[in-house]
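Let's take a walk through a protein together, starting with one pair of side chains and then stepping back to see the whole. Have the structure open as you read.

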Amino acid sequence: MDDGDEPVRLREKAYVSFTEHLLARDISPGQFVSQRQLVAMTGMPLGAIRELVPRLEAEGLVKTIPQRGIQIAHIDLNLIREAFQFRLFMEKEAVAIFAVTASDELLARLRKEHEDTLEEALQGQETPELELRAQAIDWNLHETIIDSLGNGIIGRAYRINAIKMRLINQERFRITGRVIPVMREHLAVLAAIETRDPQTAMDAIAVHINNARNLALKI
């Protein structure tokens, strides 16, 4: 590897480590941390952390408060509204294309994993392990739709927003106890995609995202 690539590699590792700790709730929304605490947490050198902070600020994940330190983003109503609006704009356009371009084999695989998970939940087996698997299936469907565009700019922007969405999920509407309705909503989206009509698919994804937004906005 070229020595000039090393700072870039360290910055990327620091970013990945930070977001993993954030999503693991090792640090909490609204919490203040110092650069040295981030060094200890991520195992990355101070230089990499110093270069990481501006990126995190630009992505809205932290903000620097003079004399106090680095504050992790709050999960407030404004963040929830903005994150869901971003999803709605992105996913409606993406699913319109996905409805036309997705292979029958891919749609069949997505349907089967949703139907199998729903059936397991309906049999009264909504265990923590099932909930984790259902959450992964949930995120995977949305990421598959976005990734089908093959657009790196959109993909990166979507994943930044996805970090915020997962924080919102943890704070406001965990899948715990909701595997059945979530799988049923996704199956409705898949049924709309299977019509191969872009508008039908767009309408279905909008209903799904708006339902999740309304749940997140409940106090």
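Begin with Glu143 and Arg166, whose side chains form a salt bridge with an N to O distance of 2.7 Å. Glu143 sits in helix α6, while Arg166 belongs to helix α7 (residues 152-172), so this pair, 23 residues apart, links distant parts of the chain. Is Glu143 buried or exposed? Its relative accessible area is 19%, so Glu143 counts as buried, because the cut-off for buried is under 20%. Keep in mind that you are looking at a predicted model.

Helix α6 takes part in another such link. Glu120 and Arg133 also meet in a salt bridge, at 3.2 Å from N to O. Here Glu120 lies in helix α5 (residues 104-122) and Arg133 in helix α6 (residues 128-147), 13 residues apart. Glu120 is partly exposed at 23% relative accessibility, and Arg133 is partly exposed too, at 37%.

Now move towards the start of the chain. The side chains of Glu51 and Arg11 are joined by a salt bridge of 2.7 Å, N to O. This one ties helix α3 (residues 46-58), home of Glu51, to helix α1 (residues 6-23), home of Arg11, across 40 residues. You can also find a network of salt bridges that links Glu12, Arg55 and Glu59. In the whole structure, a search finds 11 salt bridges.

Finally, step back. The protein has nine helices and three strands, arranged along the sequence as α-β-α-α-β-β-α-α-α-α-α-α. Of its 219 residues, 42% are buried.

Conventions: Residues numbered from 1 in each chain as written. Predicted model: local features only at pLDDT ≥ 70, side-chain atom pairs only at ≥ 80, totals over all residues. Heavy atoms only, no water. Helix = DSSP H or I, 4+ residues; strand = E, 2+ residues; numbered from the N terminus. Buried < 20%, exposed > 50% of the residue type's maximum accessible area, 1.4 Å probe, protein only. Salt bridge = Lys/Arg side-chain N within 4 Å of Asp/Glu carboxyl O.
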